[in-house]
Amino acid sequence: MTEWGLEQASDGSALYVFAVCKDPEPAAFAGLPGVTTGERLHRLRFGELTAIVQSVRAADFTDEVWQVRMSDRDELGRYARAHHEVVSAAAASCPTVPLPLATLYHGEKRARQALLDETERFRAALERTADHSEWGVKVYAAESPVPEPGSDPIPPPAPAVRSRPAPGAGLAYLERKRGVQARRERRHEDALRLAETVDAAFQDVAAAGRRLRLHSPELVEKGHVQVLNATYLVAKHRAAELGALTGALRATTGARIDISGPWVPYSFVGEVQ
Amino acid sequence: MTDLDLGRDAYPVPGPQNTNLADILERVLDKGIVIAGDIKIDLLDIELLTIRLRLFVASVDTAKKAGIDWWETDPALSSRAARNSLQDENRELRERLEALESKTDEASDRR
């Protein structure tokens, strides 16, 4: 029916593409398992570039299978790490553009054509990220619980024999509520300011920066509120500055600042929106 | 075409060791150059994953012990749950319909 229908899985296999590289050395990833067993990772040459690929059982990589896989923490973790491992190993040996998890083709011919069509994007990404690494920065503010109006230390007036509340009780309640609201707003502004301060400082060192989604409170260690989850593209020769910068920011803001890296620049190979 | 100026020492070093899964998923799920594959796969984005699975807080077993087992009945995560919720809704609707019909029957009997 379609062009690829012909090639589709006479042997039930599909081709998983991990990354696109410039002159990768096979030794760099030779020992890695990839995302399946019994099939070696290999190189797929297209024009001047090379993809790192692996032949997989198509039946193990359908959308249905992935939907189930994504509801299993361990399973998803295994695939994500396997993918990341290959990308990182490739990047250690040559300039590399990572592809996201689960990019699959019906065979080498299809993959080569699709990759060739994107050659310019790969070249641009390689150029943009050459000599750079990605560094993740997460900032946490200490959580100071805002008391709810009901839990205020001022005890409610004793119920006076089904009469009206004491004069001014309603006003006091409103004042308390207003106070809580004001504290909450102040805390929110403080968090925003903290995020801006740290982001600006890293932007100064970085060639580019991106905000990632903040982690939901359940994922963050108790007592902390994540106020910044960002990632930066930093030239290799400036990476040494990051440690000192992080230390200085910790000292001036008093906030917890976690830094991770160097990463293969996953977040900076796509087109900048 | 001009050759890219990429020396052997120009590549970034591999990712940090012992990275947590959240950091990796944040990058491999929706970053990287996205090109159209032959097989269409809709990966949940990291936000949905973290919200629904609380992936990085606890393993499923630990979560279950703590009584966090809502994903088993989250229709988006379990086809069984989806089926159950449809069946439940169906049953409920049927019951309401029966109740309504019996009421109208009673009403017409009385006339």
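Is A:Tyr232 buried or exposed, and how many C-beta neighbours does A:Tyr232 have inside 10 Å? The views below belong to a predicted model.

**View 1. A:Tyr232 and its surroundings in strand E8 of chain A.** A:Tyr232 is buried, because 25 C-beta neighbours lie inside 10 Å and 20 or more is the cut-off for that label. Its strand, E8, covers residues 224-235 of chain A. Set aside the neighbours within four places in sequence. A:Tyr232 is then in contact with A:Glu134, A:Trp135 and A:Val137. Its contacts also include A:Phe202, A:Ala206 and A:Gly209. A:His106 makes a useful landmark elsewhere in the chain. From A:Tyr232 to A:His106 the count is 126 residues in sequence. In space, the two C-alpha atoms are 35 Å apart.

**View 2. Strand E3 of chain A and its two partners, E1 and E2.** E3 spans residues 49-57 of chain A. The strand is mostly covered, with 7 of its 9 residues buried. Strand E1 (residues 13-21) of chain A runs antiparallel to E3(A), and 8 bridges join them. One pair to find is A:Ala14 with its bridge partner A:Val56. Strand E2 (residues 41-46) of chain A also pairs with E3(A) in the antiparallel sense, over 6 bridges. Here, look for A:Arg45 and its bridge partner A:Thr50.

**View 3. The hairpin of E2(A) and E3(A).** How many residues lie between the two strands of this hairpin? There are 2 residues between E2(A) and E3(A). A:Gly47 sits in the turn, with a positive phi of about 60 degrees.

**View 4. Where the two domains of chain A touch.** The domain assignment gives domain 1 (3-129) and domain 2 (132-268) of chain A. In the contact between them, 7 residues of domain 1 meet 6 residues of domain 2. On the domain 1 side, helix H3 (73-93), strand E4 (96-98) and helix H5 (119-129) of chain A each supply at least two residues. H3(A) gives the largest share, 3 residues. By type, this side of domain 1 divides into 3 nonpolar, 3 polar and 1 charged.

**View 5. Confidence along chain B.** Chain B averages a pLDDT of 64, and 47% of its residues score at least 70. Among its elements, helix H1 (residues 21-28) of chain B has the highest mean pLDDT, 87. Helix H3 (residues 60-65) of chain B has the lowest, 48. Over residues 57-63 of chain B, pLDDT stays under 50. Over residues 66-80 of chain B, pLDDT also stays under 50. Where pLDDT is low, the predicted coordinates should not be read in detail. For the model, ipTM is 0.80 and pTM is 0.72.

Conventions:
Residues numbered from 1 in each chain as written. Chains lettered and ligands numbered in written order. Predicted model: local features only at pLDDT ≥ 70, side-chain atom pairs only at ≥ 80, totals over all residues. Domains from an automatic or database assignment. Helix = DSSP H or I, 4+ residues; strand = E, 2+ residues; numbered from the N terminus. Nonpolar A, V, L, I, M, F, W, Y, C, P; charged D, E, K, R; others polar. Buried ≥ 20, exposed ≤ 12 C-beta atoms within 10 Å, placed from the backbone. Pairing = 2+ DSSP bridges. pLDDT = per-residue confidence, 0-100.
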